[in-house]
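Q: Please take a close look at one part of this structure, namely the strand pairing and the residues packed around it. A connected account in formal terms would be most useful.

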Amino acid sequence: MAGTRVAVEEGWIPAELQVGQTGQSVRPELYVACGISGAIQHRAGMMNSRYIIAVNKDPRAPIFQVADWGIVGDLHEVVPEMIQQFKKGNRLAL
Ligand SMILES: Cc1cc2nc3c(=O)[nH]c(=O)nc-3n(C[C@H](O)[C@H](O)[C@H](O)COP(=O)(O)OP(=O)(O)OC[C@H]3O[C@@H](n4cnc5c(N)ncnc54)[C@H](O)[C@@H]3O)c2cc1C
């Protein structure tokens, strides 16, 4: 679990979990970006992830430029559905 500088500033996550230019660089097999705009300073720390899934309600969000799969929708609806499908052992139909 990690997040953006905004998430740190809002107090949602500790500073050591910030990904990006002034945070950590990460390169996981799968990076699921939920409600992340994809500012260049954030992308700098995660764009080399093996696969990137982005969930954002704004179809023009820059995160979709680096995402392998993009889901346009409200994360409060999409993410619970993804978790439910994973728990059932279903593969995501992307
Ligand atoms: C010098 C400098 C260094 C910086 N270093 C970093 C850094 O290391 N890391 C970093 O992350 N940022 C860094 N930033 C900040 C960066 O420019 C952005 O401001 C930040 O990454 C934006 O974070 P965000 O995507 O969480 O927020 P926002 O830009 O506010 O984006 C929120 C996104 O969530 C989407 N959204 C909102 N509600 C929902 C919903 N219900 N369902 C789906 N989507 C939703 C919106 O459409 C939007 O795209 C730096 C900036 C500067 C100037």
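A: Cys 34 has Val 55, in strand S2, as its bridge partner. Val 32 is likewise matched with a residue of S2, its bridge partner there being Ile 53. These pairs belong to the contact of strands S1 and S2, which run parallel and are joined by 5 bridges. Two strands are said to pair if DSSP finds at least two bridges between them. The elements are themselves DSSP runs numbered from the N terminus, with at least four residues (H or I) for a helix and at least two (E) for a strand. The model is a predicted one, in which local features require pLDDT of at least 70 and side-chain atom pairs count only at pLDDT 80 or more, while totals for chains, interfaces and linings use all residues. Residues are numbered from 1 along each chain as its sequence is written, and side-chain values use heavy atoms, with hydrogens and water left out.

S2 also pairs with strand S3 (residues 69-72), in the parallel sense and over 4 bridges. Within that pairing, Ile 53 stands opposite Trp 69 of S3. Ile 53 thus has a partner on S1, Val 32, as well as one on S3, Trp 69.

The burial of the strands may be taken next. Of the 6 residues of S2, 5 are buried, and the strand is mostly covered. Here buried means under 20% relative accessible area, exposed means over 50%, and partly exposed lies in between (1.4 Å probe, protein chains only). Tyr 51 lies in S2 and is partly exposed because its relative accessible area is 32%. Asn 56, also in S2, counts as buried because its relative accessible area is 10%. Leaving aside neighbours within four places in sequence, Asn 56 is in contact (heavy atoms within 4.5 Å) with several residues, including Gly 35, Ile 36 and Ser 37, Ala 61, Ile 63 and Phe 64, and Ile 71, Val 72 and Gly 73.

S1 shows an alternating arrangement. Tyr 31 and Ala 33 point to one face and are buried, whereas Leu 30, Val 32 and Cys 34 point to the other face and are not. What do the buried side chains of this region join? Tyr 31 and Ala 33 belong to the largest nonpolar core, which has 12 residues in all. A nonpolar core is a set of buried Ala, Val, Leu, Ile, Met, Phe, Trp, Tyr and Cys residues joined through side-chain atoms within 4.5 Å. S1 (30-34) and S2 (51-56) each supply at least two residues of this core. Other members include Val 19, Ile 36, Met 46, Ile 52, Ala 54, Ile 63 and Phe 64. In soluble globular proteins, nonpolar side chains tend to be buried together. Met 46 illustrates the packing: beyond residues up to four places away in sequence, Met 46 touches Val 19, Val 26, Tyr 31, Ile 52 and Ile 63.

Apart from the largest core lies another, of 5 residues, among them Ile 53, Val 55, Val 78 and Met 82. Ile 53 and Val 55 of this core are also the S2 bridge partners of Val 32 and Cys 34, respectively.

The surface presents a further nonpolar feature. Leu 30, Val 32, Tyr 51 and Trp 69 make a nonpolar patch of about 330 Å². Patches consist of residues with over 30% relative accessible area and no salt bridge, like charges being joined within 9 Å and nonpolar side chains (Val, Leu, Ile, Met, Phe, Trp, Tyr) within 5 Å. The accessible areas come from the Shrake-Rupley method with a 1.4 Å probe, and for residues only the protein chains shown count as cover. Leu 30 and Val 32 are on the face of S1 whose side chains are not buried.

Charged pairs complete the account. Asp 58 and Arg 60 meet through their side chains in a salt bridge (3.5 Å, N to O). A salt bridge is a side-chain nitrogen of Lys or Arg within 4 Å of a carboxyl oxygen of Asp or Glu. Asp 58 is partly exposed because its relative accessibility is 29%, while Arg 60, at 71%, counts as exposed. The whole structure contains 2 salt bridges; the pair Glu 9 and Arg 5 is also so joined, with the closest N and O atoms 3.3 Å apart.
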